[in-house]
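Biologist: I'd like to know how labels like "buried" or "patch" get earned. Could you walk me through a few?

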Amino acid sequence: RLNNEQEEILDAINLSANMLLSVVNNVLDFSKLEEDRLRLEHSTFAPRRIIEETTKGLQIQAFRKNLQLVSNIGFKNDVVVEGDPFRLKQILVNLIGNAIKFTASGSVTVQADVQQSDGRVILKVAVTDTGIGIDQKHLRHIFDEFTQVSSHRDSLTREEGTGLGLAIVKKLIDLHGGELEVESTPEKGSAFRFRIPYYTVANDPAAREPEIASRAIPHSTRILLVDDNNLNRRLLEMILQGLHASFLSATNGKEALHLLKENKVDIILTDIQMPEMDGLEATRQIREFNPTIPIIAQTAYALPDERKRAIESGCDAYLTKPINITVLYKTIQQLM
């Protein structure tokens, strides 16, 4: 159990880690968008929950700069749509994060509403700040990749970043068939407004993620965990304990094969890059005597070729590190 101060520190650590990860993900996503390889997922979700979660996650950044981060959402959680919740969150993180980054005092406001149109829900969001603003002559360049536009106070306002955030936002909104517009006045602030059309669906309980505490795998389930990195392996052991799963641990493919021949296992979660015998070779050998056991590959290399190699070797699923608990839970459920 954590006290309030410990929870705030833990939230800050988690947010910082996610922000660092987002830099890497932005580069990877931009590469996919440039090559027309990024595809939107389709699941049911409540847009209000996504907006609330994102705003809450960025509060620590606003707090550090003594800014007010306010959200005004004009609809309830019973508005459920079909679309890609992760990409909506990515758009919001980039827009709100930018607003905080380039605002020295005052506030950042997130306003959201929905409009029904021809069986669709149009999500309308505006992110407004009281920041440095952008000169009109620079507005047309703000969505260019690897670009931060200059200002007359450039030496004071230049911020760290990849210069990809707004380029990705624009491409993602275009991919949704949506619209994005910006208004800005130097020294007074900026307003980014976007509209995304979603298909509406009946209120679906699946749109709400179950709490971690309520997630559980049948107690009889035994998972073989294979990873040569002690920290990664310990983290996964803690996650599996939280899911009430029993498990065995191995540090490489050879150990995994030995344990598998000596013990009954229901599912395998294996790293790919390991000494002595990597995860792909271990998978190929496992398939020779057990063609049906579910095998989940996990790796830090989030590249299409790596995924293809894993599937061709006999893996049933492929997860990228750092492992997302929700994704791991759902993957195990599907494979079981």
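Modeller: Sure, and keep in mind that this is a predicted model. Let's start with patches: a patch is made of residues with over 30% relative accessible area and no salt bridge, and like charges are joined within 9 Å. Asp and Glu count as negative.

Biologist: So which residues form a negative surface patch here?

Modeller: Glu-5, Glu-7, Glu-8 and Asp-11 form it. Asp-11 has its place in helix H1, residues 4–34.

Biologist: Why is Val-226 called buried?

Modeller: Buried means under 20% relative accessible area. Val-226 has 1% relative accessibility, so it counts as buried. Val-226 sits in strand E8, residues 222–226.

Biologist: What does Val-226 touch, leaving out residues up to four places away in sequence?

Modeller: Its contacts include Ala-250, Ile-268, Leu-269, Met-274 and Gln-298. Ala-256 is also one of them. Val-226 and Ala-256 are 30 residues apart in sequence, yet 6.5 Å apart in space, C-alpha to C-alpha.

Biologist: And what makes Ser-107 buried?

Modeller: Again, the cut-off is under 20%. Ser-107 comes in at 18% relative accessibility, so it counts as buried. Ser-107 lies in strand E4, residues 107–117. Setting aside neighbours within four places in sequence, Ser-107 is in contact with Gln-68, Thr-128, Asp-129 and Thr-130.

Biologist: How many of the chain's residues count as buried?

Modeller: Of the 336 residues of the protein chain, 43% do. The chain's secondary structure comes to 12 helices and 12 strands.

Conventions:
Residues numbered from 1 in each chain as written. Predicted model: local features only at pLDDT ≥ 70, side-chain atom pairs only at ≥ 80, totals over all residues. Heavy atoms only, no water. Helix = DSSP H or I, 4+ residues; strand = E, 2+ residues; numbered from the N terminus. Buried < 20%, exposed > 50% of the residue type's maximum accessible area, 1.4 Å probe, protein only. Contact = heavy atoms within 4.5 Å. Patch = residues over 30% accessible without salt bridge, like charges linked within 9 Å, V, L, I, M, F, W, Y side chains within 5 Å. Areas by Shrake-Rupley, 256 points an atom, 1.4 Å probe, with all protein chains shown as cover. Salt bridge = Lys/Arg side-chain N within 4 Å of Asp/Glu carboxyl O. Charge placed at Lys NZ, Arg CZ, Asp CG, Glu CD.
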